Each structure stands twice: as structure tokens, then as C-alpha cells.
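Here's a quick briefing to read alongside the model. Have the sequence and the 3D view open as you go.

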Amino acid sequence: MLTCSVNQVSKMYGGNTIFENIAFEISEKDRVGLVGRNGSGKTTLLKLLAGLETPDSGQIHWKKGSQISYLAQIPDYHNELTSNEVLMTAFTKLLQIEKKMQELELKMSKETNNVKLERLIVDYGKVQDDFALSGGYEIDANIEKIVNGLNIADLLDKSFSKLSGGEKTKVGLALSLLKNPDFLLLDEPTNHLDLQAVEWLGNFLRDYSGTILVISHDRYFLDEVVNKILDLEDGEIECYHTNFSDFVKEKEERLLREFQAYQEQQKKIKKMKEAIKRLREWANRANPPNEGLHKRARNMERALERMEKLNRPILNRKKMNLEMESTARSGNDVMTLQNVSKMFGEKLLFKNVNMNIAYQERVAIVGENGTGKSTLIKMMIQQLHPDEGEVRLGSNVKIGYLSQHIFSEVKDETIIEVFRNEVSVTEGEARNILSRFLFYGHTVFRKVSQLSGGERMRLRLAQLMYQDINFLVLDEPTNHLDIESLEILEDTLEHYNGTILAVSHDRYFLNKLFEKIYWIDAKEVHGFGGNYQYAREKMNEKALCSKENIIVKKRSEAPPPKSKGVVIISRHDLEKELEVLEREITEVEQELGEVRDLEQLQQLYVKKEELEKQWEKLFEQLQT
């Protein structure tokens, strides 16, 4: 069943056509990936679907009563709400119902007239049923599930307006998921998430009951989540009923077919033009001129005019031209860390870290947000110093560093000025180099502060390509790049003859390029000789072994009975008792909705509170 249809929609900004007469349909439970180059209009299309902007022409139709939730790249709340209060706004209607229940409870406790009390009890039963059926009793559990999945528990008590852009996006994503809408619109949801959160989100969206439209440059994520691709290119949109990997193959095959059809048509047009020319020549040679031949020529001309001309497909678009070679090679040992530890205040990030990076190795550092990946890199490039241990740079090592926060301190300088600050070339040479990174003509005089994240990344890469370096250190290099630029970057790094160290949450990028992974977990750094997938499997094995060892250790350390008077309850028995108490609590809650007598109602409330206290006590025993 159709949930959304877009009919002949066009949109312009400042006289520039973003897209024109695009049309597509989305069915219920579709998982749609919207892809295209940066600047192709993907975010604009999402805003049109969300109703935040209106099309210049055409219509967008939604299934009647559809609930739509849109995750902007940086959501905003102007008042002083905490992140937890922002998340609670997802349950506004349920909280209103809960407030009504509390008001009815207060009225029932004070009412002495039996007739009025009966009416209140009936009303309370209806409101409670509505609350339960709408998931009111699962609010806390739902918040906990999503907060833990996205790893944002430490943001809950902070003021939302004071969070960083990345933190706001994570809280905004949690809010969108908690709303559980019929149609979920997500713009780059994996940005700012660590690897574990990206994997959790992929699993969550796969099982999501509604319809999803997502913009993402994460190729693994798209393959995991979507079953349909909308490709927005040159102001037109094409639909592919497949995942991302198969879409790439299908698009290539379609372009080749279109190019062959274009070539065949061009041959046909050429033959027709030659035939028209010959007919006119023959007609004019005749004495008198042959009107019949002139007529045939005119008919062929009309047929040629009526023919629907095929546009030439663009097979080779303008791409970044990255060619990177290291200068004089470094020694065999590029970077060595011995027993390194680092703290911030009283927080220990990691301890006893031992790492070795050799010449021409491709090494990646992974781990959850906040574990110290960027800190580790900053110690390697000597921006920070370890509290303990030694960081040693090898002989003749020349570092090129790509930061997450590129040019954040640059205010009024232009692209060409910033480029020439690092690379000593003439203005003409600089403009020639920058054109290879898609900065053409007058655009080199744009202010760097006005550039998008992807454009800043391209400018920094341009600087690195033309510097005297042999050790590339990359902190989230794939952020903000479109898929095409990612593929160019990967190809360039693959052929680079120096050494590479990177922090990234792009699993495709990690698996393709890196053969050595250092994984930060539980304040320790684990090294693996293999790609990300191999390291992930090994970390899962370690986690499983660690869990089993803890259980065995707890059993072996369990103290023996001190006296006959002490009864030790087994874990199995505790779990059984908890199940019994849960059933009893559920039965009492059902009775509360059915009972009409005030005294009996109050007794049931007391009983419920006692049962809940018993459950909490047993649950604490189970955790210890």
C-alpha cells in the first residue's frame, strides 16, 4: 500500500534549479536509501517530504493520518531543557494521560459519594486502559533501550542547548526513534556515532515497524538497512529496487545501455541527415528539379525533428584528482608507544598501551566515543604528552595530520589563502591544483568559514597532497564526503607508498584498507593483525570469555553458609521468585481497573506497593 507519492515536483534556490519534475512512490514498510553527490538536493527533498519547505511546482501526497518524524542534521531546542526532557517530549500525549490518571486517583481518594465514585472508577479504568495500550508502562524501558544503544547516557542530565553539534544530533536521533512514527526521515544518522552505535542502529532500523527514508554515505549501513535506492542526480531521480551494492552494479549497467542506445541513435541521425542531403542533391541535378525527391527529403526532415532525442549519458564526471606520493621514506619503525597511560582530571582513558607502527603499514584505531581515540592520536603527533610511558617517533618521519575539526579556527581567509599558507606555490599553480579538488574559477576566493564539511575536507586533502610527508594521520577522514569522493580517497590511499594511521567509524573503509586494528575497550588497547571484521570477531570472543570467567569466579568466590540459620538462595530460585512477583503485580494492576469499592481500591494500592518493594529487593540480590 502506498504511503507517499511525489508527482512532478520541482524546486529552485536563487535562480538555480535543484531538481525538476521528479516523481517516485514509497510503499508501507519500505526501507529507502536516498543517495547522490553533495549538493544534489537530498536534504532539500527530505525537507519537502517533512513539510518544512514547499515545492515550487508539483504535489506530495501522504497516506491519510501518517505520522512523520524528520531528523535534521542538527536539531534545535531554544529553551533550557535537559537532554532527558527533550527525549520525554516524544511521549507528550502519554504524559498527559498519566497526569489525568493521577488527577482521577486524587479525586477517588477524596470522594465520599458512592455514585460519583463509581463514575470516577469507570473513567479511571478507561484512561488506564488507554495508557497501557499506548505503551505508557514501557516509557522508561524504551528510553533506556535507545539511550544505551546510541551510548548517550552521559548526555541525559546536560542542557540540550549547551551540547555540541554532534551531541545534539545523537539526542535528536534518539528522539526520532522514540516517537516511533509511521514514516521516519533520517539525514545522515550515522554521523557522530561510534561503530557500536552504528551497528546497533542498523539492527534497530532493520526491525522497525514503519517506513524509513535515509540519507547516508555509510555503504555498509545502507546495505544492512535499505531495500530500495533513490538516486538523485542532475536534477532527476531514478529508483532501484535493491540494496546499495547491487544498485552500484545496476546503475553502471544502465548507464552503459543508455550510452549504447545514444550511440545507435546518433548513427541513425547521421544516416538520415546524409540521406536528406543526397536526395536534395539528386533533386537539384534533375532538369527540371525533381519535386518528388524534394518531398521525400522534407518528410525525412520532419521525421528527424519529431524524433525524441536521447541525451548523452555522463560516464566520466568531474572527480577529485588525488595523486599522493610520500617523500623520502621513513625508517622501519614509524611510531612506538611503550606502557603509555593518560588521564583527564580523575578520569583514566587508557593504561599500559603498547603499539608499534611499521613503515607502509595501514593501521586503524577504533572504539566507542569517549574512549580516547583522538587523544591517542594527539599524543602521537605530539600535541599532548602521556602521563606515563613513552611515545617515540621513528627516524625521518614527516607527519601529515587530518583533524576532525578542519579549519574551525579560520575566520576571514579565502580558500586560496589557506591553501598557500601550507603549500608554497604561485597563485596560478594554486588555482590549477585546487581545480583538481573541484574548486573552480572564482570559487577559490570563497571564505573558508562558509564551506561545508565536505568542502573543508577536500581543501585539507589538497594541502596534504602537496606537502613533504610520509606518515598520514587521519582522524575521521570519511566524515562529510559523498560516496563518490570516498571511493576516490580509498583508491588514493590504497596506492599511497607511505604509512597510514586512521580513526574511523566507516566499516567499509576500515575493511578495505586496514590490515592492523588497535581496539580501545575498558581502558585497554587490544591489537589485531587483520581488518575490522576480523577484529570485531576477536573482540566478541574476548567479551564472551570474560563474561564466562566472571561467572566462574563469582561461583568460586561465593562464601559458604556461616550457620544453619542462613539460607542461601540460588540464582535460578531468585529468577523464579521474580517471575511470580511480576505475575502478582500484573494481576493487581488488572484488579485496579475493575474494582469499584473505594476501600478495596486503597487496599490494592498498598498491596501493589509492597509487591513492588519485594521485587526491587530480590532484583538487587540478583545483581550482586
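**Overall picture**

This is a predicted model, and residues 24 or more positions apart account for 69% of its contacts with a separation of 6 or more. On the secondary-structure side, you'll find 19 helices and 18 strands. The radius of gyration comes out at 33 Å, well over the 25 Å from the globule rule for 624 residues, so the protein is more spread out than a compact globule.

**Size, surface and charge**

- Taken along the principal axes, the C-alpha atoms fill a box of roughly 125 × 75 × 45 Å.
- Of the 624 residues, 44% are buried.
- About 34,100 Å² of the protein is exposed, with carbon and sulfur atoms supplying 47% of that area.
- Charge-wise, there are 87 positive and 100 negative side chains, and the centres of these two sets sit 7 Å apart.

**Nonpolar cores**

- The largest nonpolar core has 54 residues, and the ones touching the most other members are Leu87, Ile146, Leu150, Leu173, Leu177, Leu201 and Leu205.
- Take Leu201: once you set aside its neighbours within four places in sequence, Leu201 contacts Leu173, Leu177, Pro189, Leu193 and Phe221.
- There's also a second, separate core of 46 residues, with Ala462, Leu464, Phe509 and Leu510 among them.

**Helix H1 and what comes after**

- Helix H1 spans residues 42–50, and its buried residues include Leu45, Leu46, Leu48 and Leu49.
- Lys42 and Thr44 in H1 are buried too.
- Right after H1 comes Gly51, with a positive phi near 80°.

**Backbone spots worth a look**

- Asn287 and Pro288 are joined by a cis peptide bond, with omega at about 0°.
- Pro288 itself sits in the loop between helix H9 (244–285) and helix H10 (291–306).
- Asn339 has a positive phi, near 50°, despite being a residue other than glycine.
- You'll find Asn339 in strand E10, which covers residues 333–344.
- Asn339 has a relative accessible area of 43%, so it counts as partly exposed.
- Glu476 is another residue other than glycine with a positive phi, here near 55°.
- Look for Glu476 in the loop between strand E15 (471–475) and helix H15 (483–494).
- Is Glu476 buried or exposed? Its relative accessibility is 9%, so Glu476 counts as buried.

Notes: Residues are numbered from 1 along each chain as its sequence is written. This is a predicted model: local features need pLDDT of at least 70, side-chain atom pairs count only at pLDDT 80 or more; totals for chains, interfaces and linings use all residues. Side-chain values use heavy atoms; hydrogens and water are left out. Helices (H or I, at least four residues) and strands (E, at least two) are DSSP runs, numbered from the N terminus. The radius of gyration is taken over C-alpha atoms; the globule rule is 2.2 Å times the number of residues to the power 0.38. Buried means under 20% relative accessible area, exposed over 50%, partly exposed in between (1.4 Å probe, protein chains only). Contact means heavy atoms within 4.5 Å. Accessible areas come from the Shrake-Rupley method with a 1.4 Å probe; for residues, only the protein chains shown count as cover. Lys and Arg count as positive and Asp and Glu as negative; His and the chain ends are not counted. The place of a charge is taken as NZ of Lys, CZ of Arg, CG of Asp or CD of Glu. A nonpolar core is a set of buried Ala, Val, Leu, Ile, Met, Phe, Trp, Tyr and Cys residues joined through side-chain atoms within 4.5 Å.
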